[in-house]
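Biologist: Before I take this one to the bench, could you walk me through how you arrive at the labels you put on it?

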Number of protein chains: 2
Amino acid sequence: MTSHFPDATPKEIAEALQQMQAAAPALAATTLAQRADLMYSIADLLEQSGDALLQLTMEETHLPEARLRGERARTVFQWRNYADACRRGDWLEVRIDTADAGKTPPKPDLRKMNVPIGPVLVFGASNFPYAYSTAGGDTASAFAAGCPVVLKAHPAHARTSEAVAAVVRQGLQKHGLPAELFVHLHGSGTEVGQALVKHPAIKAVGFTGSFAGGKALFDAANQRPEPIPVFAEMGSVNPVFLLPDKLATDDTAVAQQYAASITLGVGQFCTNPGLLIGIAGEAFDVFAATLSEAIGQVAAGAMLHQGIADAFEKNKAQALAQRGVQLWANGQPGQRELQASATIALVSAADFLQQPALHHEVFGPFSLLIKCEETADMYAVAQALEGQLTCSLMATAADLETYADLLPIVSSKCGRLVLNGVPTGVEVCQAMQHGGPYPASTDSRFGSVGADAIRRFCRPLAYQNWPDEYLPAALQNSNPWQLWRSVNGTWNNEPL
Amino acid sequence: MTSHFPDATPKEIAEALQQMQAAAPALAATTLAQRADLMYSIADLLEQSGDALLQLTMEETHLPEARLRGERARTVFQWRNYADACRRGDWLEVRIDTADAGKTPPKPDLRKMNVPIGPVLVFGASNFPYAYSTAGGDTASAFAAGCPVVLKAHPAHARTSEAVAAVVRQGLQKHGLPAELFVHLHGSGTEVGQALVKHPAIKAVGFTGSFAGGKALFDAANQRPEPIPVFAEMGSVNPVFLLPDKLATDDTAVAQQYAASITLGVGQFCTNPGLLIGIAGEAFDVFAATLSEAIGQVAAGAMLHQGIADAFEKNKAQALAQRGVQLWANGQPGQRELQASATIALVSAADFLQQPALHHEVFGPFSLLIKCEETADMYAVAQALEGQLTCSLMATAADLETYADLLPIVSSKCGRLVLNGVPTGVEVCQAMQHGGPYPASTDSRFGSVGADAIRRFCRPLAYQNWPDEYLPAALQNSNPWQLWRSVNGTWNNEPL
């Protein structure tokens, strides 16, 4: 892929990261309220970035205006939501254990809080030019935690990235903070990203994209002299279990709902439902027929760029070429360059189980309908799954009772369990988990949507035996920021 | 190293792990209260394990009875403390965001909690036969999180490990839980451990020991088809900054305090202070002379086993052979096998900075006294340090003002900052952080002492759109376990 801009040179990288390191203490020294104010300003500036930005991104990504307008609004909301969480300070995870001279040996005063992990390397994501790119969730999380950001622009929307980077820098300057806290670099291939992940100044990595891309970063990070954590969200097939009683009750509605979810955003979401698993029978047949009909009416949509469009056609063809795989439904054919036609394929559980190639994501509007002969087949399919961002159950109360043994299996496979809904649509809230067991993400203990994502970029530091006046504000007896703290094992937001 | 028992064979490993997997749901299904009861029972049984166990461990480890009696009491306390934390359930990190149909798009009900990560592989530590071995902090953390444990016994105290494993199994059986939830395996070399870390049933690893051992596990875990997290605590040199005003006020007391800390437990603690950094001057000279005198009076002590005793002599000789390193003080000479004599060496900051070999831990009663010509030297030494478990400052209020720029440097290097105290003595409490930036540990975001260690062995799972009656108890509206939960961004322990 080529970028609109030349690749950052090693000299440019070295200088930018040196300036960033020099600026880092200024961000770390801000109070939670100051950091939240900065984040609110970036949200405001982004909100005011106007239609010119949308036009530019439309040109670069082929995403429709309404989607981009919505994504920008989501991004603005995300900054404000994380700013509120930053100020609330739960993510500091303050623990205070006061001294006990009567204990043997005497117990010292110990107070622990999270501190910034250090500069974070963030990669722009092709499919979210706003929400998971330059001023996306990873950047917002890092700033909330007090970490400078090195942003590797996605080459497919490099001009958008430049424009958004200017907004972030404007926000920093408005609050008297050095613009060098946000480094923005271009790279068309993998060289710049690899150089950055290996740079000793970088202490953590945020990435949303392909398995190959995320895994390469994970390996490079682990092989550094000082290994660093990589939070790569690498997508998944998001299996959906269509349980018999639900299908018998609701076959048409479920089919309509899923036809929409499969083709939403031309299937370019990491939560796109790629596997639909049902048990053979009349309801399954009605569902499959209705799904086919609904998909047949879906217009082709333009994919993000030529590389993604080509990969979709190639991976779809590979899936369709596997033994026992039958083309089940096609959406309207593409009329213009980059346009992809939605596709549903059908396969038996037995053929699915024997061909691991079918277990991997086909990024785009493609889903595989798996027909199980009996319940045991469905359980076997569930057991065979790799780690997923989401698993969904379409089920009545009767189904949940009959198929109770399915729940522990799918629970062990994913980060989010959806009941009677679709996995697309990832709400920005604290109770969201966007991440899951490998290979859905490289670290199942964290997620990249919702304010708990801030915790990826900090680490605990304990203070032993420090007089109150030398402690950070968050740990002081008077609790000047009114934080919720665990004090000798009890939660409160009071002074000591 | 040879073990009292034959190495586990591949067949034994495969069978034990299969039985463990079959038993796992029984543990995951326990309530927090049931798990806490189990942990209290294990604590009670361990407390009642009698003097015979102490005798056995004395034979195997050459640790004195008082130390072992104290360590067992600490281990019993640890089980009870983690049991209380397990029952309190903060570690579940419950977040609830209720539905909002009025939002565009409508916001679904989302509820998130931590679930067990899966079976945990724990390695017994040579220097803590009770507190960080078979029924140590990692095992207690894993059980609290609902994870089965595969325990690789340390060959240096394999019989102790067998006896303690019997206690753990007895506890499980007392509560009607399968003994197979705790797998106990022997291995004299690295083969059994390597086979276990690569086994697909294992989902996380806890380790306390050498850098070489921890790094080998970390690499093996990252190279698996499904990488898993490794929590390896690999020790450090625990630098101590002796600031001038403090030394001028207190030189003798500080020297006495540190002579005791350096030689505590024959220096076999990962928090042993291995670097003492001061600025040349009269107070430094008095401190150094007093330290030399105090060390001279310390009797030699038996080290844990021949391998550790040999490594101590070798690493100490290597350190003493570096350019500019001067032998400064020796403790009383060893009289018997395994006995090590305490040693202090002296070096200039310039020579220290130029020789990275001096930056690594010499496990045992050895410390390096670094004499800085000026303040800048001390800052340079601080900057040059690798990641540490602890950094300590011996400082008056005046020192903290004069050397204010030292604080951000040392803060970025360690997991625990001690003021006017010694790093040895790791209190078991929630505000403790025992871990630190690499290479002190492989994951600076977690620690291995204190109940927050439970969180190493779980991961978040979000439930979207589930009716109350199908949710886990922790997420239900009625809050049956009276957990502290973040509900729509507000902390409370009430029903919804």
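Modeller: Sure. Helices here are DSSP runs of H or I with at least four residues, and strands are runs of E with at least two, numbered from the N terminus. Keep in mind that this is a predicted model.

Biologist: Then where does A:Glu93 sit?

Modeller: A:Glu93 falls in the loop between α4 and β1 of chain A. Its phi is positive, about 50°, although A:Glu93 is not a glycine.

Biologist: Why do you call α4(A) and α5(A) roughly parallel or antiparallel?

Modeller: Helix α4 (residues 65-88) and helix α5 (residues 137-145) of chain A pack at about 25°, with axes 10 Å apart. Angles under 35 degrees count as roughly parallel, so α4(A) is roughly parallel to α5(A). The crossing is right-handed.

Biologist: And which residues of α4(A) meet α5(A)?

Modeller: On the α4(A) side they are A:Gln78, A:Trp79, A:Tyr82 and A:Cys86, and their partners in α5(A) include A:Thr139 and A:Phe143. By class, that contact has six nonpolar, four polar and no charged residues.

Biologist: What makes α2(A) parallel or antiparallel to α4(A)?

Modeller: Helix α2 (residues 32-47) of chain A crosses α4(A) at roughly 170°, and their axes come within 8 Å. The cut-off for roughly antiparallel is over 145, so α2(A) is roughly antiparallel to α4(A). The contact of these two helices has 13 nonpolar, one polar and eight charged residues. A:Arg35 and A:Asp37 are among those in α2(A), and A:Arg72 and A:Asp84 are among those in α4(A).

Biologist: On to the two chains. How do you know that A:Asp452 and B:Arg95 form a salt bridge?

Modeller: The rule asks for a side-chain nitrogen of Lys or Arg within 4 Å of a carboxyl oxygen of Asp or Glu. For A:Asp452 and B:Arg95 the N to O distance is 2.8 Å, so the pair qualifies. Across the interface of chain A and chain B, the rule finds 10 salt bridges.

Biologist: How many residues does each chain bring to the contact?

Modeller: Chain A and chain B bring 67 residues each. About 5800 Å² is buried between them, with 55% given by carbon and sulfur atoms. A:Arg445, A:Trp466 and A:Trp491 supply 13% of what chain A buries against chain B, more than any other three residues.

Biologist: Last one: which residues does the cis peptide bond in chain A join?

Modeller: A:Thr104 and A:Pro105, with omega about -15°. A:Pro105 lies in the loop between β1 (95-97) and β2 (110-116) of chain A. In chain B, a cis peptide bond joins B:Thr104 and B:Pro105, with omega about -10°.

Note on methods:
Residues are numbered from 1 along each chain as its sequence is written. Chains are lettered from A and ligands numbered from 1 in the order in which they are written. This is a predicted model: local features need pLDDT of at least 70, side-chain atom pairs count only at pLDDT 80 or more; totals for chains, interfaces and linings use all residues. Side-chain values use heavy atoms; hydrogens and water are left out. Axes are lines fitted to C-alpha atoms, for helices over the stretch in contact, and angles run from 0 to 180 degrees between N-to-C directions. Angles under 35 degrees count as roughly parallel, over 145 as roughly antiparallel, 65 to 115 as roughly perpendicular and the rest as oblique. A crossing is left-handed if the near helix is turned anticlockwise from the far one by less than a right angle, and right-handed if clockwise. Contact means heavy atoms within 4.5 Å. Ala, Val, Leu, Ile, Met, Phe, Trp, Tyr, Cys and Pro count as nonpolar, Asp, Glu, Lys and Arg as charged, and the others, Gly among them, as polar. Buried area is the accessible area (1.4 Å probe) that two parts lose on being put together, summed over both.
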